[in-house]
There are 2 protein chains.
Amino acid sequence: MLDLASDAARLTAALVDVESVSGDEARLADLVEAALRRYPQLAVERDGDAVLARTALARDRRVVLAGHLDTVPVAGNLPSRRDGDTLWGCGTSDMKSGVAVMLRVAHLVGSGALDPGVDLTWVCYECEEIEAARNGLGRLARTRPAELAGDLAILLEPTGAVVEGGCQGTLRVVVRLAGIRAHSARSWLGQNAIHAAAPVLARLASYDARTVDVDGLTYREGLNAVGISGGVAGNVVPDECAVTVNYRFAPDRSEADALAHVRDVFAGFDVELTDSAPAARPGLDTPIAGEFVAAVGGAPRAKLGWTDVARFGGLGVPALNFGPGDPNLAHKADEHVSVDAVLAAEESLVRFLSA
Amino acid sequence: MLDLASDAARLTAALVDVESVSGDEARLADLVEAALRRYPQLAVERDGDAVLARTALARDRRVVLAGHLDTVPVAGNLPSRRDGDTLWGCGTSDMKSGVAVMLRVAHLVGSGALDPGVDLTWVCYECEEIEAARNGLGRLARTRPAELAGDLAILLEPTGAVVEGGCQGTLRVVVRLAGIRAHSARSWLGQNAIHAAAPVLARLASYDARTVDVDGLTYREGLNAVGISGGVAGNVVPDECAVTVNYRFAPDRSEADALAHVRDVFAGFDVELTDSAPAARPGLDTPIAGEFVAAVGGAPRAKLGWTDVARFGGLGVPALNFGPGDPNLAHKADEHVSVDAVLAAEESLVRFLSA
């Protein structure tokens, strides 16, 4: 039984202690669903291992709070352990502390302690840490997009309690080089596919990545080889070499623009797209986002990475990242979160909602 | 029972029909040993699955005839099949036809039909087609080098019955590039090891391989990447990349010279030697080699590849390659040899020995 009335730090510990590695979130989803169903003010639905809840307060605007229930594999770091201001354990930072803050708000609204100025939707979902095809938020965006509609979405991913707007897009291509196989003792009879990759790597090495201002936030891009392979045997001139390249692009480019740019960089080479996800604009220029930034304080920055905010972007919902954890601790064995940061994030969110 | 009195083509078929994939040569070695022991003129010894035989005719000069007994794995091409002038089957070309020619000469000398102008040593050995450490000739060179001594060694490897002098040397190095790992969304925090390979591949792509005249034969060199690997994950700037490079060098360079040259080509990079085998000079400038070339006819050419002649070179014995098979058919399922070529190779060798 999850007690949403306990403070956000204790609630974080309780969530952390229900192991929920990707694909194995059912028990935690059951507990979250049961906890939310105790508040008659909230309309709760279950979809796979995603749990949705919404208010119907007839407000002018709606804010979506979203967070994933899954963690990366446990690394000897369960159950949680508290040491003064620090809570240690798998998922403390990414992102059960964020989920705890969301659920605390549900308790405050559901119990009548908080009368929010906006309608609210909660989305807790599964399988964020693994292949995109299994992502619960992705499924909801495809199958019931109306449930995710709103004027602002707040993804409670770890950001160190700073507003991180939008996200980079990401795409991967494979640049394939072909050659002619031959015995390396008679290499002039062949054509070396690995040697043919020289200009591909040279273009990458000399690539000047953009730094772009989008709606007041600064996005840095990056174009990187993340893999290379070639070779048949120690005495064979190889006829194949493949360079896998990852492009992280700013939200002023669509996926199509980004691919066109990559094809341009590798003009003259065989470029195959293998993976693509759009960027999201920060959307901080809307009044409601401005109110959130004001309530939270601090200078917003660009999200340098890809997050599920892009899915909201795809639905036309401005989305930002804001959560108590430290993104640099995500996926580490020594993952932890500051208890003060969890309580402060709840306070900020409540301040915004009370306004 | 092997009948060395039968003609070289039939003897080839008989040798082919005793399967002797590398590591499994004992039965064939037994048969060869027993056949040679029937000639009292020959002193026969067994060493592992190598068989040695020698004459003691007190001639001024000694010629070593050498050939390996093993084949690559059978590929549905046993037993042998004769079709007019063509004998099909595993080992027909590489190199049981060569072994048959050696053994025919042993019969002619042992039976008194041929009175050679030189003393002769025969070496049939195992495990040439697999890792060098198991090579029977290599073992003999280490453990009983005196038995391999001579004024000329003839390796009856397939050369299309053309004298192929000496052999290229071969060495492999790994050029390692280091970087700093980082999330590819924040690539400026890292340093890409694959990008760092750009100048390595550029040097390879623009490398101008030498063509060298050594003792009248033309050796072409080659410097080739035969493998490349790098990459940690699709979203990680890699901290490691490794390029495996194979250098085939002419016999005017020692192994040390060759390595120094490769280090020079990759100056500034981390170069690790992983494998090295010396080249062999053709040694065709000795009178006895000149006599052999005259008896055989045709214009000698350089051996472009590495063969066991290099082991004789290491012992100070000039060595050349000369055998009836076609090197381009070696290791193929449709391996075959021309019966005429086998008989002609025997004739050439007998002509030389009778002179």
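## Exercises on a predicted two-chain model

Chain B can be superposed on chain A with an RMSD of 0.3 Å, by a turn of 179° and a shift of 0.4 Å along the axis. Keep in mind that this is a predicted model. The exercises below start from that superposition and then move into chain A.

### Exercise 1: The two copies

Work out which kind of axis relates chain B to chain A, and which residue of chain B comes closest to the rotation axis.

**Solution.**
- Step 1. Begin with the operation itself: a turn of 179° with a shift of 0.4 Å along the axis. That is the relation of a two-fold axis.
- Step 2. Look along chain B for the residue closest to the axis. B:Ser229 is that residue, with its C-alpha at 2.4 Å.
- Step 3. Now compare the contact residues. In chain A, 100% of the contact residues of chain B recur, so the same surface serves both copies.

### Exercise 2: Helices H1 and H3

Describe how H1(A) and H3(A) pack: what is the angle, and which residues meet?

**Solution.**
- Step 1. Two packed helices are described by the angle between their axes and the distance between the axes.
- Step 2. For helix H1 (residues 8-16) and helix H3 (residues 92-110) of chain A, the angle is about 125° and the axes are 8 Å apart. That makes H1(A) oblique to H3(A).
- Step 3. Add the handedness: the crossing of H1(A) and H3(A) is right-handed.
- Step 4. List the residues. From H1(A) come A:Ala8, A:Leu11, A:Thr12, A:Leu15 and A:Val16, and they meet A:Thr92, A:Lys96, A:Ser97, A:Val99, A:Ala100, A:Leu103 and A:Arg104 of H3(A).
- Step 5. Sort them by class: the contact of H1(A) with H3(A) has seven nonpolar, three polar and two charged residues.

### Exercise 3: The sheet of eight strands

Find the order of the eight strands in the open sheet of chain A, and say which strands stand at the edges.

**Solution.**
- Step 1. Strands of a sheet pair through backbone hydrogen bonds, either parallel or antiparallel.
- Step 2. Follow the strands across the sheet in chain A: the order is E1-E2-E6-E3-E7-E18-E8-E17, and the pairing is mixed.
- Step 3. Check the edges. Strand E1 (43-47) and strand E17 (301-302) of chain A each have a single partner strand, so one side of each is left without a neighbour in the sheet.
- Step 4. Pick one pair. Strand E2 (residues 50-54) and strand E6 (residues 119-125) of chain A run antiparallel and are joined by four bridges. A:Ala53 stands opposite A:Trp122 in E6(A).
- Step 5. See what packs on the sheet. H3(A) touches strand E3 (62-68) and E6 of chain A, and its direction makes about 140° with that of E3(A). Helix H7 (residues 287-296) of chain A touches E3, strand E7 (152-155) and strand E18 (319-321) of chain A; the direction of H7 makes about 40° with that of E7(A).

### Exercise 4: Helices H7 and H9, and a second sheet

Explain why H7(A) and H9(A) count as oblique to each other, then describe the sheet on which H9(A) packs.

**Solution.**
- Step 1. The axes of H7(A) and helix H9 (residues 339-354) of chain A come within 8 Å and cross at roughly 135°.
- Step 2. Angles over 145 degrees count as roughly antiparallel, and those of 65 to 115 as roughly perpendicular. H7(A) and H9(A) are therefore oblique to each other.
- Step 3. H7(A) passes H9(A) in a right-handed crossing. The contact joins A:Ile288, A:Glu291, A:Phe292, A:Ala295 and A:Val296 of H7(A) with A:Ser348, A:Leu349, A:Arg351 and A:Phe352 of H9(A). These divide into six nonpolar, one polar and two charged residues.
- Step 4. Turn to the open sheet of three strands, whose order in chain A is E4-E5-E19, with antiparallel pairing. Strand E4 (81-83) and strand E19 (336-338) of chain A stand at the edges.
- Step 5. Three bridges join strand E5 (residues 86-88) of chain A to E19(A), and A:Thr86 stands opposite A:Ser338 in E19(A).
- Step 6. Finish with the helix: H9(A) touches E4, E5 and E19 of chain A, and its direction makes about 60° with that of E19(A).

How values were computed:
Residues are numbered from 1 along each chain as its sequence is written. Chains are lettered from A and ligands numbered from 1 in the order in which they are written. This is a predicted model: local features need pLDDT of at least 70, side-chain atom pairs count only at pLDDT 80 or more; totals for chains, interfaces and linings use all residues. Side-chain values use heavy atoms; hydrogens and water are left out. Axes are lines fitted to C-alpha atoms, for helices over the stretch in contact, and angles run from 0 to 180 degrees between N-to-C directions. Helices (H or I, at least four residues) and strands (E, at least two) are DSSP runs, numbered from the N terminus. Angles under 35 degrees count as roughly parallel, over 145 as roughly antiparallel, 65 to 115 as roughly perpendicular and the rest as oblique. A crossing is left-handed if the near helix is turned anticlockwise from the far one by less than a right angle, and right-handed if clockwise. Contact means heavy atoms within 4.5 Å. Ala, Val, Leu, Ile, Met, Phe, Trp, Tyr, Cys and Pro count as nonpolar, Asp, Glu, Lys and Arg as charged, and the others, Gly among them, as polar. Two strands pair if DSSP finds at least two bridges between them. Copies are superposed by least squares on the C-alpha atoms of residues with pLDDT of at least 70 in both.
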